[in-house]
Amino acid sequence: MDVEVLGTTGSQFRLIAKGVDQSFINAIRRTIMADVLVPAIDRVFVAENSGCLYDEVLAHRMGLIPLRGGEGLVHPSACECGGKGCSKCEAILTLEVEAPEDNYAVYSGSLMAEGSVFVANNEIPLAVLNKSQRIVLEAHARLGSGKEHAKWQPVSGAVVKYLPIIKVDESKCALSAKCVDVCPKKILAIENKRLKVVSIWDCTLCKACVDACPSGAISISYDAKCAALSLESEGSLSPQELVLAACDVLTKKFESIKLALSDSKEAS
Ligand SMILES: [Zn+2]
């Protein structure tokens, strides 16, 4: 299997795998969405809230803030506290703010970390307060995964697609440019009196170009042995860290299968 990483730009990247079935890459995508552990705020203790947002609405908004860190924390289900919440499975963030003026916006950056977990993005609006209104609260963050609740899903976008194959029969192509105009992703262009594909991975296989071509010169298929994984991280982990974490999760599952098989051999 050949693997190539394309177009890493901050929170987004694309990985291309050649010589492997798409289901193999899809296993990594599904593991990232369902099994990779990241921190999120799970409980909020509101001491004071004189703003217009109900406590429940404020707590819901805080649960959706992407958090980084969490090193040293264990999942509550594996903690000796039995999941009740303790310093080994929870990290605390606090918020204490009083509006100095009307229409004062409170952002996620006002949350102060008291443990190993901190806010990944300081620019997320939490509430708008009028002068002298106050919010004082303590938020408890814990590790979780996407299969528990969407707030622990570490990606806002995770897509696997085949490599599109676009064939142009030049003996039929009259360079009408209708396919170029109709393509929603603008992946076709006419250069030096020839129709060319300029960005093959942007093709969504919509076949609008096939329908638009008056001479039937274009045919579209896909390579089932070449897949692309596109990720957009919401900030808890970088896309590269997400892939590595998913590989670790899958490796542990495979190891448990190997262990079970070796145990059954010894028993027989
Ligand atoms: Zn605990």
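How are helices α1 and α5 oriented to each other: roughly parallel or roughly perpendicular? The model examined here is predicted. In it, the axes of α1 (residues 22-34) and α5 (residues 239-267) cross at roughly 100° and come within 9 Å. Angles of 65 to 115 degrees count as roughly perpendicular, and α1 and α5 are therefore roughly perpendicular to each other.

The contact between these helices involves Ala27, Ile28, Thr31 and Ile32 on the α1 side, and Leu242, Val243, Ala246, Cys247, Val249 and Leu250 on the α5 side. By residue class, the contact of α1 with α5 comprises 9 nonpolar residues, 1 polar residue and no charged residue.

Turning to the strands, the chain has 14 of them, alongside 5 helices. Strand β10 (residues 134-144) pairs with β3 (residues 38-49), and β10 is also joined to β5 (residues 91-98). The two pairings are set out below.

| Strand pair | Sense | Bridges | A bridge in the pair |
|---|---|---|---|
| β3 and β10 | antiparallel | 10 bridges | Arg43 with His140 |
| β5 and β10 | antiparallel | 8 bridges | Glu98 opposite Arg134 |

As for the chain as a whole, its radius of gyration is 25 Å, whereas a compact globule of 268 residues would have one near 18 Å. The C-alpha trace spans about 75 × 70 × 25 Å along its principal axes. Of the 268 residues, 28% count as buried. Among contacts between residues at least 6 apart in sequence, 70% join residues at least 24 apart.

Notes: Residues are numbered from 1 along each chain as its sequence is written. This is a predicted model: local features need pLDDT of at least 70, side-chain atom pairs count only at pLDDT 80 or more; totals for chains, interfaces and linings use all residues. Helices (H or I, at least four residues) and strands (E, at least two) are DSSP runs, numbered from the N terminus. The radius of gyration is taken over C-alpha atoms; the globule rule is 2.2 Å times the number of residues to the power 0.38. A residue is buried if 20 or more other C-beta atoms lie within 10 Å of its own, exposed if 12 or fewer, and partly exposed in between; C-beta atoms are placed from the backbone. Two residues are in contact if their C-beta atoms, placed from the backbone, lie within 7 Å. Axes are lines fitted to C-alpha atoms, for helices over the stretch in contact, and angles run from 0 to 180 degrees between N-to-C directions. Angles under 35 degrees count as roughly parallel, over 145 as roughly antiparallel, 65 to 115 as roughly perpendicular and the rest as oblique. Ala, Val, Leu, Ile, Met, Phe, Trp, Tyr, Cys and Pro count as nonpolar, Asp, Glu, Lys and Arg as charged, and the others, Gly among them, as polar. Two strands pair if DSSP finds at least two bridges between them.
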